[in-house]
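Q: Hey, could you walk me through this protein model? I'm new to this, so plain words please.

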Amino acid sequence: MRISPRALLAGLAAGAALVVVLWLAQAVPSLRLGAFFATLAHLAGLLAAYGILVMLLLMARVPAVEHGVGADRLARWHALGGRYVLTLVLAHATLALCAYTAANGTDLLTTALNLLGYPALAAAAAGTAVLAAVGAASARAARRRLRHETWRALHLLTYLGAALAFAHQLAGPDLAGGAFAAWLWTMLHTTVGVLLLWYRLIVPVRQALRHDLRVSEVRSEGPGVVSLVIQGRGLDALRAEPGQFFRWRFLGRRLWRTALPFSLSAPPRNDALRITVKACGDHTRRIRRLRPGVRVLATGPFGALTAHRRTRRKVLLLAGGVGITPMRALFETLPAVPGDLTLLYRTGSADQLVLRGELETIARSRGAALHYLLGPSDGPFDPLAPRALRNLLPDLPDHDVYLCGPPGMTRSAISALKRAGVPSARIHTERFTF
């Protein structure tokens with residue numbers, strides 16, 4: 001089962017509309033300033049609480065959602081939605097404070113101190129502070145300065161913020177006065193909580209015990225690039241597809257704390273999975289020094305960059321740098337007759353090409369076209385310019401395009417492909433930044 005992006009957005013929008021209906025059913029019209037602030041505070045609070053549930057659901061790693069929507073798109077929606085949710089949380093707190101101040105005729109500071117004496121409101125204040133701290137740590141400027149492990153640990157505080165907010169919601173006027181509303185709200189939170197527990201904790205532990213993954217080979221593929229072969233039991237049960245990725249955690253010294261996404265660089269076979277990793281930070285540099293026998297925890301498979309996205313007979317695979325890894329797996333497995341499959345591989349120079357021998361062998365055996373687009377990104381000639389792409393593939397608009405590469409290259413390639421006549425719906429990509 002795969003849930004499409006449109007279906008997921010429609011379901012989430014329907015849920016937001018239901019929240020507004022719930023608010024309207026209990027709203028009491030009034031011309032008093034305090035009542036007006038309170039009504040708006042209730043709406044902002046309900047929408048913020050629903051938004052927190054949506055943010056948690058997007059990151060719950062539910063396979064039907066991950067495989068249908070794509071992990072990178074879910075991450076972007078999560079990041080964008082988080083800003084709106086934090087805005088609603090702060091709006092709720094501000095409007096509620098103004099409502100109590102107007103109703104009691106006191107100043108804001110006195111009202112705030114009095115409200116903190118109520119346990120449910122104190123929990124709400126603590127939850128708001130936690131969510132604000134997570135939001136600040138996730139801002140782009142702060143994110144660049146934080147280690148991945150630190151950012152991840154701070155992000156886990158979201159669960160604490162959500163729990164504190166839920167305790168406050170059950171005591172609030174929109175839920176405490178209606179048994180059905182309280183039941184519905186509790187069921188929504190319970191469902192999301194069960195999905196998080198199941199797919200982020202129980203499934204990974206079960207997979208680790210069942211498949212017993214271990215590094216069996218570490219092979220150099222070029223300057224700073226290695227391929228790791230991971231052996232295990234019953235890997236066909238994972239139903240991994242070319243183009244997908246796992247989140248890998250290597251249980252070696254100074255590596256076990258972090259799990260990072262790496263795509264399969266070859267189709268699964270003989271109870272073995274292979275990934276190809278380029279050293280681009282402390283963690284990936286340590287991976288090059290792994291030895292056979294190290295245990296591996298892998299969660300997945302994830303991602304929607306698979307044959308299921310294909311809509312046309314002809315396919316162009318466009319890779320940049322180490323983004324060749326999922327493209328190499330698709331290059332071998334996508335059904336195509338000779339002449340219908342093309343791979344363009346963009347790197348700065350020939351010595352940066354990864355898995356070159358394998359790519360050329362696949363191209364010969366399948367009658368597929370393989371072109372290396374070499375040269376610096378700031379050079380006088382851009383091999384990814386619309387005219388250059390059309391010179392290589394005059395019928396480019398008739399292709400499905402699978403794209404994977406560094407963020408800058410991906411953005412420029414998408415723009416060039418659109419200008420060359422490829423519709424956005426036929427450009428399939430997943431982008432990751434660590």
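A: Sure, let's go through it part by part.

A: This is a predicted model, where local features need pLDDT of at least 70, side-chain atom pairs count only at pLDDT 80 or more, and totals for chains, interfaces and linings use all residues. Residues are numbered from 1 along each chain as its sequence is written, and side-chain values use heavy atoms, with hydrogens and water left out.

Q: Cool. Which residues touch the most other members of the largest nonpolar core?
A: Those are L8, I52 and L58, in a core of 29 residues. A nonpolar core here is a set of buried Ala, Val, Leu, Ile, Met, Phe, Trp, Tyr and Cys residues joined through side-chain atoms within 4.5 Å. Buried means under 20% relative accessible area, exposed is over 50%, and partly exposed is in between (1.4 Å probe, protein chains only).

Q: And which helices supply at least two residues of it?
A: α1 (5-26), α2 (33-58), α3 (63-69), α4 (71-104), α9 (157-171) and α11 (179-211) each do. The most comes from α2, with 11 residues. Those names come from DSSP runs: helices are H or I with at least four residues, strands are E with at least two, and both are numbered from the N terminus.

Q: What does L8 touch?
A: Not counting residues up to four places away in sequence, L8 touches I3, L58, V65, V69, L74 and W77. Contact means heavy atoms within 4.5 Å.

Q: Switching to strands. What order do the three strands of the antiparallel sheet have?
A: The order is β1-β2-β5, and the sheet is open. Two strands count as paired if DSSP finds at least two bridges between them. β1 (214-222) and β5 (272-278) are at the edges with a single partner strand each, so one side of each has no neighbour in the sheet. On average, neighbouring strands here are turned by 20° against each other, direction ignored. For angles, axes are lines fitted to C-alpha atoms, for helices over the stretch in contact, and angles run from 0 to 180 degrees between N-to-C directions.

Q: How many bridges join β1 to β2?
A: Seven, with β2 covering residues 225-231. One example is G222, whose bridge partner in β2 is V225.

Q: What about the five-strand sheet, what's its order?
A: That open sheet goes β9-β8-β7-β10-β11, with parallel pairing. Its edge strands are β9 and β11 (427-429), and each pairs on one side only. β10 (residues 399-404) and β11 pair over three bridges; Y402, for instance, has H428 in β11 as its bridge partner.

Q: Which helix lies across that sheet's β7, β8, β9 and β10?
A: That's α13, running at about 155° to β7 (314-320).

Q: Is T342, in β8, buried or exposed?
A: T342 is buried, with a relative accessible area of 4%. Leaving aside neighbours within four places in sequence, T342 is in contact with V315, L316, L317, A369, H371 and L393.

Q: OK, helix α14 next. Which of its residues are buried?
A: In α14 (residues 356-366), they are L359, I362, A363 and R366. They sit on the same side of α14 because they cover an arc of only 100° around the axis; the arc is that of the directions from the helix axis to the C-beta atoms. R364 and S365, on the other side, are exposed. The buried residues pack against α13 (324-333), β8 (341-347) and β9 (369-374). After α14 comes G367, whose phi is positive, near 70°.

Q: Last topic: how many salt bridges does the count come to?
A: The count is 13. A salt bridge here is a side-chain nitrogen of Lys or Arg within 4 Å of a carboxyl oxygen of Asp or Glu.

Q: What links to R328 by a salt bridge in α14?
A: E358 does, at 2.7 Å, N to O. E358 is in α14 and R328 in α13, so the pair ties together parts that are 30 residues apart in sequence. R328 is buried, at 6% relative accessible area, while E358 is partly exposed at 24%. R328 also meets E332 in a salt bridge of 2.5 Å, N to O. Those two are four residues apart in α13, so about one helical turn separates them.

Q: Which residues make up the network?
A: R269, R274, R328, E332 and E358 are linked in a network of salt bridges.
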